[in-house]
Amino acid sequence: MGMLIIAVLMGACAAGLILFRRNTIPVDLQDHPPQQRKQQKLSVIIPARNEEGNLPHLLRSLRAQTIEEIEIIVVDDHSEDQTRAIAESYGVKVIASPELPLGWTGKNWAVWNGYLQSTGELIAFLDADVRLAPDALQALIAAREQVGGTISVVPYHQAEKLYEKLALIPNLLGLFAFTSPMERTNATKGLYGSCILTTRMLYDKVQGHEGIKGELLDDLNLGAKFMEAGIPVVNYIGYDKVSFRMYPGGIRSEIEGFSKGAVLSTSKLSLRTTLLVAVWLIGLIVVEATPFFLGTSWGMPLTIGYVLYTVQIYYLVHYTGRFGKWLPAVHFLSTVFFLMIMLYSLYQVVFFGRVAWKGRSIDVGARRK
């Protein structure tokens with residue numbers, strides 16, 4: 001019986017290895033120097049709502065980029081802090097997002113208005129909490145040229161405080177969703193919204209954010225629009241190029257941020273990805289129950305399963321983010337946090353039909369409240 005339990009747990013753990021692909025940004029810039037490529041102007045559009053703490057990190061990293069033709073547009077989305085003043089102090093173009101019209105979500109409206117003011121042939125959409133290595137944009141441009149279509153990046157999570165580190169399991173599951181080989185042919189394959197790079201021509205072809213103006217899951221739905229138009233969508237892992245610190249403002253913003261799309265986003269995945277994620281997660285929860293079975297015939301098999309999962313998590317975390325040395329070993333803390341997030345998300349969607357984010361109430365059907 002013990003061997004059977006171990007075999008089942010090993011199979012569940014192996015689902016993580018099937019799902020994960022070490023899809024880091026692939027281009028060796030020494031093999032693709034800028035002078036060998038046609039220079040195109042890049043417009044970087046940053047929607048910002050109360051981002052005074054994050055913007056300096058991003059704008060400093062944009063100043064240090066190795067590409068020359070770059071236009072930076074910060075869209076102040078009715079901020080109540082020093083967001084606009086900080087953006088202006090860096091000498092970038094700052095525009096105020098007009099009053100939110102009926103039928104639009106706040107971020108989609110801000111991004112669209114930033115796009116209308118842009119002039120570049122290449123368009124990058126960056127969240128305000130992103131930080132870039134000096135060669136990040138050059139590497140992304142080269143990668144997009146290599147694969148064609150539209151690309152996005154799942155940033156490396158720089159978690160600092162304990163509550164931020166609890167995002168370990170949600171981040172791992174997100175990484176599975178965006179690197180799963182089963183998603184390559186998914187007709188509704190999504191993009192990761194924190195860092196997207198495309199061309200003006202392709203963006204116009206799918207009507208950009210205007211075409212998904214009322215969607216809560218803007219990035220996933222935008223990716224599906226590109227796929228529907230026959231435009232390739234490729235997602236990379238940020239690793240040493242693109243990182244972010246997701247929720248430095250407190251655990252409330254972290255809970256709101258994860259829960260706003262936790263349940264809805266699962267509907268965009270292929271069935272095979274969903275099943276494998278479920279198998280991996282169920283196995284994880286089972287081995288985390290080990291303390292309740294110590295001293296029984298299940299104790300040793302579950303302990304072995306816990307060790308297997310822990311070793312795998314330490315490997316995956318290397319590409320996912322900085323969560324400290326000890327939290328991956330006591331990953332059950334993050335699993336409990338994840339389950340709470342899912343229940344809260346389900347509660348909002350089923351009982352209220354809306355979610356809260358950055359002071360706004362957003363209907364799941366995407367109508368504005």
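Visitor: Which residues of α2 are buried, and what makes them buried?

Guide: The buried residues of α2 (55–63) are Leu55, Pro56, Leu58, Leu59, Ser61 and Leu62. Buried means a relative accessible area under 20%, exposed means over 50%, and partly exposed lies in between, using a 1.4 Å probe and protein chains only. The model is predicted: local features need pLDDT of at least 70, side-chain atom pairs count only at pLDDT 80 or more, and totals for chains, interfaces and linings use all residues. Residues are numbered from 1 along each chain as its sequence is written, and side-chain values use heavy atoms, with hydrogens and water left out.

Visitor: What do the buried residues of α2 pack against?

Guide: Their partners are β1, β2 (70–76), α3 (83–89), β4, β5 (130–132) and α5. The element names come from DSSP runs numbered from the N terminus: helices are H or I with at least four residues, strands E with at least two. Packing is judged by contact, that is, heavy atoms within 4.5 Å.

Visitor: Why is Gly106 called buried or exposed?

Guide: The relative accessibility of Gly106 is 7%, which falls under the 20% limit, so Gly106 counts as buried. Gly106 belongs to helix α4 (residues 106–116). Its C-alpha lies 24 Å from that of Val242, and the two residues are 136 apart in sequence.

Visitor: And what of Ser345, buried or exposed?

Guide: Ser345 has a relative accessible area of 1%, again under 20%, so it is buried. Helix α14 (residues 332–352) holds this residue. Ser345 and Val153 are 192 residues apart along the chain, with 24 Å between their C-alpha atoms.

Visitor: What makes helix α9 mostly covered?

Guide: Eight of the 11 residues of α9 (residues 218–228) are buried. They are Asp218, Asp219, Leu220, Asn221, Leu222, Gly223, Ala224 and Phe226. Just after this helix, Gly230 has a positive phi of about 80°.

Visitor: How do you know whether Ala187 is buried or exposed?

Guide: Its relative accessible area is 57%, over the 50% limit, so Ala187 is exposed. Ala187 sits in the loop between α7 and β8. Leaving out residues up to four places away in sequence, Ala187 touches Ala224 and Met227. Ala224 is one of the buried residues of α9. The C-alpha atoms of Ala187 and Gly230 are 9.5 Å apart, across 43 residues of chain.

Visitor: Which loop holds Asn50, and why is Asn50 called partly exposed?

Guide: Asn50 is in the loop between β1 (42–48) and α2. Its relative accessible area of 32% lies between 20% and 50%, so the residue is partly exposed. Asn50 also has a positive phi, near 55°, without being a glycine.

Visitor: Why does Tyr239 count as partly exposed?

Guide: Its value is 29%, so Tyr239 also lies between the two limits. Tyr239 is in the loop between β9 (233–237) and β10 (242–244). Though not a glycine, Tyr239 has a positive phi of about 45°.

Visitor: Why are α7 and α13 called roughly perpendicular?

Guide: The axes of α7 (residues 168–179) and α13 (residues 299–320) come within 10 Å and cross at roughly 75°. Axes are lines fitted to C-alpha atoms, for helices over the stretch in contact, with angles from 0 to 180 degrees between N-to-C directions. Angles of 65 to 115 degrees count as roughly perpendicular, under 35 as roughly parallel, over 145 as roughly antiparallel and the rest as oblique, so this pair is roughly perpendicular.

Visitor: Which residues of α7 and α13 meet?

Guide: On α7 they are Leu168, Ile169, Asn171, Leu172, Leu175 and Phe176, and on α13 they are Ile313, Leu316, Val317 and Thr320. By class, eight are nonpolar, two polar and none charged. Ala, Val, Leu, Ile, Met, Phe, Trp, Tyr, Cys and Pro count as nonpolar, Asp, Glu, Lys and Arg as charged, and the others, Gly among them, as polar.

Visitor: How many cavities are there, and what makes a space a cavity?

Guide: There are two of 30 Å³ or more. A cavity is a set of points on a 1 Å grid over the protein atoms alone where a 1.4 Å probe fits but cannot get out; lining residues have an atom within 4 Å of a point. Points are joined across faces, edges and corners, and the volume is the space filled by probe spheres set on them. The largest cavity has a volume of about 50 Å³, the second largest about 30 Å³.

Visitor: Which residues line the largest cavity?

Guide: Pro47, Lys107, Val111, Phe125, Gly193, Ile196, His209 and Asp218. Four are nonpolar, two polar and two charged.

Visitor: How does the lining of the second largest cavity divide by class?

Guide: Nine residues are nonpolar, with none polar and none charged. They are Leu42, Ala124, Leu126, Leu137, Leu140, Ile141, Cys195, Ile196 and Leu197. At least two come from each of β4 (122–126), α5 (136–147) and β8 (195–199).

Key: 1 Å grid on protein atoms, 1.4 Å probe; cavity = no way out; pocket = protein on both sides within 12 Å on 5 of 7 lines; lining within 4 Å.
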